[in-house]
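Let's take a walk through a protein model, looking at its hollows, its sheet and a pair of helices. Keep the picture open while you read.

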Amino acid sequence: MKNFVRLAAGLMVAASFMSGAATAQTVLKSSDTHPDGYPTVEGVKYFGELLKERTQGRYSLEVYHSAQLGEEKDTIEQVRSGVIELNRVSMAPFNGTVKESIVPALPYIFRSEEHMHKVMDGAIGEQIKKAFEPAGLVVLAFYDAGARSFYNKTKPINSVADMKGLKFRVIQSDIFVDMVAALGANATPMPYGEVYSGIETGVIDGAENNFPSYDTAKHAEVAKNYSLDEHTILPEVFVMNKAAFDKLTPEDQAVFKQAAKDSVAKQRELWSAKVTESRTNVEKLGAQITMPDKQGFIDAMAPVYEKHVKDDVLKKMVEDVKAVQ
Ligand code: GTR
């Protein structure tokens, strides 16, 4: 079924772009791993509504939620090659291809979500956006994803020592693999859709994510120890295939950018409400939330910075982030 949807989406996109400029109606496709109603899905849908309204219906958008088009790594290939025009994904899977995307993925780089907003809404955010272009992508927006923390089915985590020997699924990025190693645990990168069964069958003890993902992917059913270590405040990214963006008229490009910008405010609002709702949901499911000694986690991260913040560009970016008040 998924293959069929993927193929059909591809053909439709090809057909809409073969007809040239959007004189009639162009239906764009966007992918999301999360279910309908999740703040990222709703943020992108809102972008689509604004687009339709502001182009008098010349452009509209279909959001393929719930990983209908595949897991994030696959859909990133689809948007880079133009099979789909748009995609909402995490920034982490880009860490290997877009060097600058490493910066917001670094553990504890942001002091708070407000700090992250200031950085991503400012000059450093622009620098990161630009860095996606050689990868064939235009970044339309950064969305909120709160803080990621570890959860597992084995035991409560109160300190770094409790992490020892546990097996965690991490998002597909070397930074996350090294972060887990620095904490004395073992990391297995795997697609999001495989995490539930991985925990259930014991291939892994747990994973790491924010409350809304832990809740909506039902991971809280199988891994009940959630430790609020908040190791990253990593934003999501909403990208567009660069060739498709470049084909738009300058006026339409401005409409796309403004609609994306307007969708950020909407997504952030939906996000904070969802975090509260999801925290309540997981607690009802029996999740035990611990507040581990965070300083211990922060101190353990030095090797991750040593290994990944090597060149001058990244060193300067890290300094710039720290300097943002
Ligand atoms: C979520 C994020 C998804 C996906 C997932 C994961 O927080 O919104 O895009 O990257 O994490 O861990 O794979």
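Which residues lie nearest the centre of the largest pocket? They are E126, K129, V139, L140 and K261, and the full lining has 16 residues. A quick note first: this is a predicted model, where local features need pLDDT of at least 70 and side-chain atom pairs count only at pLDDT 80 or more, while totals for chains, interfaces and linings use all residues. Residues are numbered from 1 along each chain as its sequence is written, and side-chain values use heavy atoms, with hydrogens and water left out.

**The hollows**

On a 1 Å grid over the protein atoms alone, a cavity is a set of points where a 1.4 Å probe fits but cannot get out; a pocket is an open set with protein on both sides within 12 Å along at least five of seven lines, and lining residues have an atom within 4 Å of a point. Points are joined across faces, edges and corners, and a volume is the space filled by probe spheres set on them.

| Hollow | Volume | Lining |
|---|---|---|
| Largest pocket | about 420 Å³ | 16 residues |
| Largest cavity | about 210 Å³ | 21 residues |

Helix 6 (123–131), strand 4 (137–143) and helix 12 (250–284) each give two or more residues to the pocket lining. Helices (H or I, at least four residues) and strands (E, at least two) are DSSP runs, numbered from the N terminus. The pocket lining splits into seven nonpolar, one polar and eight charged residues. Here Ala, Val, Leu, Ile, Met, Phe, Trp, Tyr, Cys and Pro count as nonpolar, Asp, Glu, Lys and Arg as charged, and the others, Gly among them, as polar.

What about the largest cavity? E72, S90, R148, I171 and N209 are the closest to its centre, and helix 3 and strand 3 each give two or more residues to its lining. That lining has seven nonpolar, seven polar and seven charged residues.

**The sheet**

Five strands make an open, mixed sheet in the order 2-1-3-10-4; two strands pair if DSSP finds at least two bridges between them. Strand 2 (59–64) and strand 4 are the edges, each pairing on one side only. Strand 1 (residues 26–31) and strand 3 (residues 86–90) run parallel, joined by two bridges, and S30 stands opposite L86 in strand 3.

**Two helices**

The axes of helix 2 (residues 39–54) and helix 12 come within 8 Å and cross at roughly 150°. Axes are lines fitted to C-alpha atoms, for helices over the stretch in contact (heavy atoms within 4.5 Å), and angles run from 0 to 180 degrees between N-to-C directions. Among the residues that meet are Y46 and F47 in helix 2 and L270 and W271 in helix 12.
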